[in-house]
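Biologist: Before we discuss particular regions, I should like to have the model in view. Please display it, and we may then proceed by question and answer.

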Amino acid sequence: MIASVLPTYSRSDLTFEKGEGSWLIEADGRRFLDLGAGIAVNALGHAHPELVKVLTMQAEKLWHTSNLHNISQQTMLADKLVDATFADTVFFTNSGTEACELAVKMARKYFFESGQEERVEIISFSGAFHGRSAAGIAASGSEKMIRGFGPILGGFCQVPWDDIEGLVGAICDRTAAIMVEPIQGEGGIHALSDQSMKKIRELCDVHDLLLIADEVQCGMGRTGRLFAHEWAGVLPDIMMIAKGIGGGFPLGAVLATEAAASGMTVGTHGSTYGGNPLACAVGGKVLDIISNPEFLSEVNRKAGLFRQRLEALIAGYPHVFKDIRGVGLMLGLACRPKNSDVVEAGYAHQVVTVPAADNVIRILPPLNISDEDIHEAETRLANVAESFA
Ligand SMILES: *Cc1c(COP(=O)(O)O)cnc(C)c1O
């Protein structure tokens with residue numbers, strides 16, 4: 001008999017009942033060090049007092065009104081995002097997938113309105129992950145994600161990861177946009193070099209294409225800058241965000257320049273829940289905390305420490321860990337045993353990591369993880385490694 005919850009997930013047998021900072025407490029009382037942060041969602045850890053406060057205060061006032069009316073928390077968060085980024089305007093969603101949907105619609109509408117209706121195609125890199133909707137799976141092109149779900153939404157193509165020459169070859173008079181994760185998350189923590197990011201921007205400029213950055217996972221301070229594209233000094237035209245921005249409350253957004261967004265006029269898009277008062281009240285507080293330069297410089301310091309500890313770990317257990325990659329606190333440990341076995345062994349040693357493609361385990365801790373917990377992470381991962389001796 002089918003489970004009451006549709007069985008699409010491969011779940012551990014853990015049930016967490018409470019969270020405190022970088023720690024998760026299991027129903028049986030065991031404490032787990034959370035290096036996954038709900039897949040880069042709990043950017044400020046669990047039960048952050050300021051987030052609890054803003055959420056409960058908003059809960060006592062107003063939960064939801066619909067986008068038929070002004071939502072002051074939404075306007076405030078949009079203003080802050082516009083101030084902090086390349087963007088001139090913001091649309092709020094409940095997830096990264098919905099942000100992907102709008103990014104695709106926005107890019108196509110931009111060319112439609114400029115009289116270039118034939119420009120509908122979006123090029124991405126293989127290994128990409130942009131969500132599980134019809135557009136999201138088409139944008140990834142991954143056989144695993146699209147198999148059985150045809151007909152697949154048209155107007156997408158992929159070139160091999162970081163293959164700039166391939167990208168040049170794929171651009172044609174039907175191309176509308178290039179969609180990239182500056183750092184692939186699900187794909188196994190692969191960062192585009194600054195040079196590749198610059199080349200991609202250059203190609204967009206030369207061919208009059210829109211650059212769509214998917215920063216759902218790598219954005220919101222994860223790499224030590226507010227957004228990952230800032231490292232390369234290139235600006236996208238459209239950016240998808242989600243995960244970290246809500247700190248655990250479902251919230252996503254599409255940020256865009258005025259030009260890129262120019263086709264999205266009244267009636268062209270909408271969402272019942274997107275940008276509701278609860279989500280935006282929390283998102284506003286998350287952004288205030290993370291966008292503070294002192295907070296970001298701490299993320300960089302902690303990232304340096306974490307990387308150093310993980311390098312020591314690899315040196316100590318070269319038969320278990322192969323190398324480390326990634327930027328800031330978006331790290332991938334390439335494993336020699338099966339990554340899912342390493343994640344599973346982590347559970348036995350009360351440390352939570354997240355598997356990714358290429359036999360990698362992801363280390364995506366809360367951005368405010370303490371130095372003490374970073375050292376604890378090394379200890380626990382060393383115990384995990386010992387179990388493979
Ligand atoms: C998680 C993720 C998405 C999808 O976001 P959901 O909130 O799961 O819909 C899209 N792009 C990237 C890069 C992601 O990591």
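Biologist: In which loop is Pro 151 found, and what kind of peptide bond joins Gly 150 and Pro 151?

Modeller: This is a predicted model, and the geometry described here is computed from it. Pro 151 is found in the loop between α6 (143–146) and β6 (156–159). With omega at about -5°, the bond that joins Gly 150 to Pro 151 is cis.

Biologist: Is Ile 189 buried or exposed?

Modeller: Ile 189 belongs to the loop between β8 (183–184) and β9 (190–191). Its phi is near 60°, a positive value in a residue other than glycine. Buried requires a relative accessible area under 20%. Ile 189 has 1%, so the residue is buried.

Biologist: How does Asp 358 count in terms of relative accessibility?

Modeller: Asp 358 is located in the loop between β16 (354–356) and β17 (360–363). Although Asp 358 is not a glycine, its phi is positive, at about 65°. The class between buried, under 20%, and exposed, over 50%, is partly exposed. Because its relative accessibility is 48%, Asp 358 counts as partly exposed.

Biologist: Which strands stand at the edges of the open sheet of four strands, and why is one side of each left without a neighbour?

Modeller: The strand order in this sheet is β1-β2-β3-β15, and the pairing is mixed. A strand with a single partner has one side without a neighbour in the sheet, and therefore the edge strands are β1 (16–20) and β15 (351–352).

Biologist: Which residue of β15 stands opposite Leu 33?

Modeller: Strand β3 (residues 31–34) runs parallel to β15, and two bridges join them. Leu 33 has as its opposite in β15 the residue Val 351.

Biologist: At what angle to β3 does helix α12 run?

Modeller: Helix α12 comprises residues 371–386. It lies across β2 (23–26), β3 and β15, and its angle to β3 is about 105°.

Biologist: Which residues does Val 384 touch, beyond those up to four places away in sequence?

Modeller: Val 384 lies in helix α12 and, with 1% relative accessibility, counts as buried. Its C-alpha atom is separated by 7.2 Å from that of Val 342, although the two residues are 42 apart along the chain. Beyond sequence neighbours up to four places away, Val 384 touches Ala 345, Gly 346, His 349, Val 351 and Val 342.

Biologist: Which helix gives the largest share of the largest nonpolar core?

Modeller: In soluble globular proteins, nonpolar side chains tend to be buried together. The largest nonpolar core here has 66 residues, and those with the most contacts inside it are Ile 290, Phe 306, Phe 321 and Leu 333. Nine residues of this core, its largest share, come from helix α10 (residues 293–316).

Biologist: How many residues has the other core, which lies apart from it?

Modeller: The members of this other core include Ala 107, Ala 177, Leu 210 and Val 216. It lies apart from the largest core, and its size is 27 residues.

Biologist: A polar side-chain atom of which residue lies 2.4 Å from an oxygen atom of the ligand?

Modeller: The residues that surround the ligand include Ser 95, Thr 97, Phe 129, His 130, Val 216 and Lys 243. A polar backbone atom of Phe 129 is 3.1 Å from a nitrogen atom of the ligand. An N or O atom in the side chain of Lys 243 is 2.7 Å from a ligand oxygen atom. The residue whose polar side-chain atom lies at 2.4 Å from a ligand oxygen atom is Thr 97.

Terms used. Residues numbered from 1 in each chain as written. Predicted model: local features only at pLDDT ≥ 70, side-chain atom pairs only at ≥ 80, totals over all residues. Heavy atoms only, no water. Pairing = 2+ DSSP bridges. Contact = heavy atoms within 4.5 Å. Axes fitted to C-alpha atoms, helices over the stretch in contact; angles between N-to-C directions. Core = buried A, V, L, I, M, F, W, Y, C linked by side-chain atoms within 4.5 Å. Buried < 20%, exposed > 50% of the residue type's maximum accessible area, 1.4 Å probe, protein only. Near = heavy atom within 4 Å. Polar contact = N/O pair within 3.5 Å; in protein donor to acceptor, adjacent residues only side chain to side chain.
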